[in-house]
Amino acid sequence: MDSIYRFQELYRSHPLVLKSLSLYINLLEQGFNILFCWIPGHDGIVGNEKADIAAKSANAIMCPFVSVEDISEVLKSKFHTSWQNLWNAQTNNKLRSILNSVKGFKHCNFNRKTSVRLITGHTYFIHRHLLYSEPVPVCSTCNVDIFVRHILTECAKYNNLRLRWFSKVDLNLSDLLGDPPHPFSFEFIAGIGFINVI
């Protein structure tokens, strides 16, 4: 059994050897008695001896084995880096100011649907005017068109709640919904009554 482990140590990078060794050990554990024997098939035959020499020389320059898993990890890393570089180059994308990484975002206390609607700004409250052919809603406090960004970060009506939950008034969407999202975002959004119309 000692020679088996030395053999495994010597050839541990070759998948065929590892598979054979694993099968051998599995059969031994099941009680099978396996005998290996060497048969010198090329001995004494000129053509076969030349083939044997050629086979040994090819074996000497064998390329190191790289597993599919290793290749997959390298490719994933390259693709992710390329994708991240493209994302970093965005300048006119409103999501870029909230999400710095292409890995996505953590949902904090919201379900995925609510998180996506807040981050994209596509909520029922903001866009219902499109459904009913109504004018764009206007903030009664600030007299500006209402958007998610305005409600969550700009409207003076909610400054006291911003101070309560975040200890500051001047926030941006990244502070609330970025990666990681602020732990009190849900409480604030529920507190201003916006949670039910997202």
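How many disulfides does a search of the whole structure find? In this predicted model, the search returns zero disulfides. A disulfide is a covalent bond between the sulfur atoms of two cysteines. Cys 139 and Cys 155 illustrate the result, since the sulfur of Cys 139 has its closest cysteine sulfur in Cys 155, at 3.6 Å, which is too far for a bond. Seen from the other side, the sulfur of Cys 155 likewise has its closest cysteine sulfur in Cys 139, at 3.6 Å, whereas a disulfide would require the two sulfur atoms to lie within 2.5 Å. Cys 139 counts as buried, with a relative accessibility of 7%, and Cys 155 is buried too, with a relative accessible area of 3%.

Cys 155 is also among the residues touched by Arg 162, a residue found in helix H8. Arg 162 is buried and yet has no salt bridge, the nearest side chain of opposite charge being that of Glu 154, 7.8 Å away; a salt bridge would call for a side-chain nitrogen within 4 Å of a carboxyl oxygen. The side chain of Arg 162 does, however, reach the backbone oxygen of Ile 151 at a distance of 3.2 Å. When residues up to four places away in sequence are not counted, the contacts of Arg 162 include His 150, Ile 151, Leu 152, Thr 153 and Glu 154, as well as Ser 167, Lys 168, Val 169, Leu 171 and Phe 188.

Turning to the aromatic rings, the count comes to three aromatic pairs. One of them joins Phe 125 and Phe 194 in an edge-to-face arrangement, with 6.1 Å from centre to centre and 85° between the planes. Because Phe 125 lies in helix H6 (residues 124-131) and Phe 194 in the segment after helix H10 (185-191), this pair ties together parts that are 69 residues apart in sequence. Both Phe 125 and Phe 194 are buried.

A further pair is formed by Trp 165 and Phe 184, whose ring centres are 5.5 Å apart and whose planes meet at 45°, so that the pair is tilted. This pair, too, links distant parts of the chain, with Trp 165 in helix H8 (residues 159-166) and Phe 184 in the loop between helix H9 (173-177) and H10, 19 residues apart. Phe 184 counts as partly exposed, at 36% relative accessibility. Helix H8 thus holds both Trp 165 and the buried Arg 162.

Methods
Residues are numbered from 1 along each chain as its sequence is written. This is a predicted model: local features need pLDDT of at least 70, side-chain atom pairs count only at pLDDT 80 or more; totals for chains, interfaces and linings use all residues. Side-chain values use heavy atoms; hydrogens and water are left out. Rings of Phe, Tyr and Trp (its six-membered ring) pair if their centres lie within 6.5 Å; planes under 30 degrees apart count as stacked, over 60 as edge-to-face and the rest as tilted. Helices (H or I, at least four residues) and strands (E, at least two) are DSSP runs, numbered from the N terminus. Buried means under 20% relative accessible area, exposed over 50%, partly exposed in between (1.4 Å probe, protein chains only). Lys and Arg count as positive and Asp and Glu as negative; His and the chain ends are not counted. A polar contact is a pair of N or O atoms within 3.5 Å; within protein, one must be able to donate a hydrogen and the other to accept it, and residues adjacent in sequence count only if both atoms are side-chain atoms. Contact means heavy atoms within 4.5 Å.
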